[in-house]
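This report describes the fold, the sheet and selected residues of one protein chain. The sequence and the coordinates are shown first.

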Amino acid sequence: MRLKSSSILLYFAICISWLLILLYFSPANATIKIAVIDTGYTPSTNLRLCDGAKDFTKDGTPIDKKGHGTSVIRTLTYQLPLVLDYCILPIKIITNNFNTDGTTSAAAIHYAISQKVDIINTSYT
């Protein structure tokens, strides 16, 4: 599938807006914590993960077996090179069979808030 040029421009406008918001509202030398509520994450040495990754599914692990959560984390990571200090808090709410519900989503958002994240990114595949 080919993206239209207007879609690409919108994507870049969103990326730039993201960076400007982060840079404007983050105090100097503060770590920006970003929760990614999705299918989990794939461990990698080049990901800046916060402590506290959590699995709200019955899969038993926050490890991403479908790849979507990891893709979202990598996309965010590529958008944040100007931010000096950030970390990603992966929260798995979508099972390996791509199922979730509102209660699980609400619990994950509540958990992210309790972890004092600055930004919550949710994906519902």
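Of the 125 residues in the chain, 38% count as buried. The model is a predicted one, and the values below are computed from it. The accessible surface of the chain comes to about 7700 Å², and carbon and sulfur atoms contribute 59% of that area. Among contacts with a separation of 6 or more, 80% are between residues 24 or more positions apart.

**Fold and sheet**

The chain contains 3 helices and 4 strands. Read from the N terminus, these elements follow the order α-β-β-α-β-α-β. The 4 strands form an open sheet with parallel pairing, in the order S2-S3-S1-S4. Strands S2 and S4 (119-122) are the edge strands, each pairing on one side only.

Within the sheet, S1 and S3 pair in the parallel sense over 7 bridges. Ile34 has Ile88 of S3 as its bridge partner, and Asp38 has Lys92 of S3. S1 is also joined to S4 by 4 bridges, and these two strands run parallel; here the bridge partner of Ile37 is Thr122 in S4. Of the 7 residues of S1, 6 are buried, so this strand is largely enclosed by the rest of the structure.

Two helices are placed against these strands. Helix H2 (residues 68-79) lies across S1, S3 and S4, and its direction is at about 155° to S1. Helix H3 (residues 102-114) packs on the sheet and touches S1, S2, S3 and S4. The direction of H3 makes about 150° with that of S3.

**The disulfide**

The structure holds 1 disulfide. This link joins Cys50 to Cys87, with an S to S distance of 2.0 Å. The link of Cys50 and Cys87 is right-handed, with 90° about the S-S bond. Cys50 lies in the loop between strand S1 (32-38) and strand S2 (54-55), whereas Cys87 belongs to strand S3 (residues 86-92), so the pair ties together parts that are 37 residues apart in sequence. Cys50 is buried, at a relative accessible area of 8%. Cys87 is buried as well, at 11% relative accessible area.

**Selected residues**

The table gives the relative accessible area of the residues discussed in this report.

| Residue | Relative accessible area | Class |
|---|---|---|
| Cys50 | 8% | buried |
| Cys87 | 11% | buried |
| Lys92 | 0% | buried |
| Asn96 | 18% | buried |
| Lys116 | 67% | exposed |

Which residues surround a lysine with a relative accessible area of 0%? Lys92 lies in strand S3 and is buried, with a relative accessible area of 0%. Leaving aside neighbours within four places in sequence, Lys92 is in contact with Asp38, Thr39 and Gly40, with Lys54, Asp55, Phe56, Thr57 and Asp59, and with Thr61, Pro62 and Ile63. Among these residues, Asp38 is also the bridge partner of Lys92. In addition, a polar atom of the Lys92 side chain lies 3.3 Å from the backbone oxygen of Thr61.

Asn96 is found in the loop between S3 and H3. This loop residue is buried, with a relative accessible area of 18%; the class follows because buried means under 20% relative accessible area. Residues up to four places away in sequence not counted, Asn96 touches Asp59, Lys65 and Lys66. Asp59 is also in contact with Lys92. The C-alpha atoms of Asn96 and Asp64 are 7.8 Å apart in space, while the two residues are 32 residues apart in sequence.

Is Lys116 buried or exposed? Lys116 is exposed, with a relative accessible area of 67%, and lies in the loop between H3 and S4. The backbone of Lys116 has a phi near 60°, a positive value in a residue other than glycine. Most residues other than glycine have a negative phi.

**Summary**

The predicted model combines an open, parallel sheet in the order S2-S3-S1-S4 with helices H2, lying across S1, S3 and S4, and H3, packed on the sheet. Strand S3 holds both Cys87, joined by the disulfide to Cys50, and the buried Lys92.

Conventions. Residues numbered from 1 in each chain as written. Predicted model: local features only at pLDDT ≥ 70, side-chain atom pairs only at ≥ 80, totals over all residues. Heavy atoms only, no water. Buried < 20%, exposed > 50% of the residue type's maximum accessible area, 1.4 Å probe, protein only. Contact = heavy atoms within 4.5 Å. Areas by Shrake-Rupley, 256 points an atom, 1.4 Å probe, with all protein chains shown as cover. Disulfide = S-S within 2.5 Å. Polar contact = N/O pair within 3.5 Å; in protein donor to acceptor, adjacent residues only side chain to side chain. Pairing = 2+ DSSP bridges. Axes fitted to C-alpha atoms, helices over the stretch in contact; angles between N-to-C directions.
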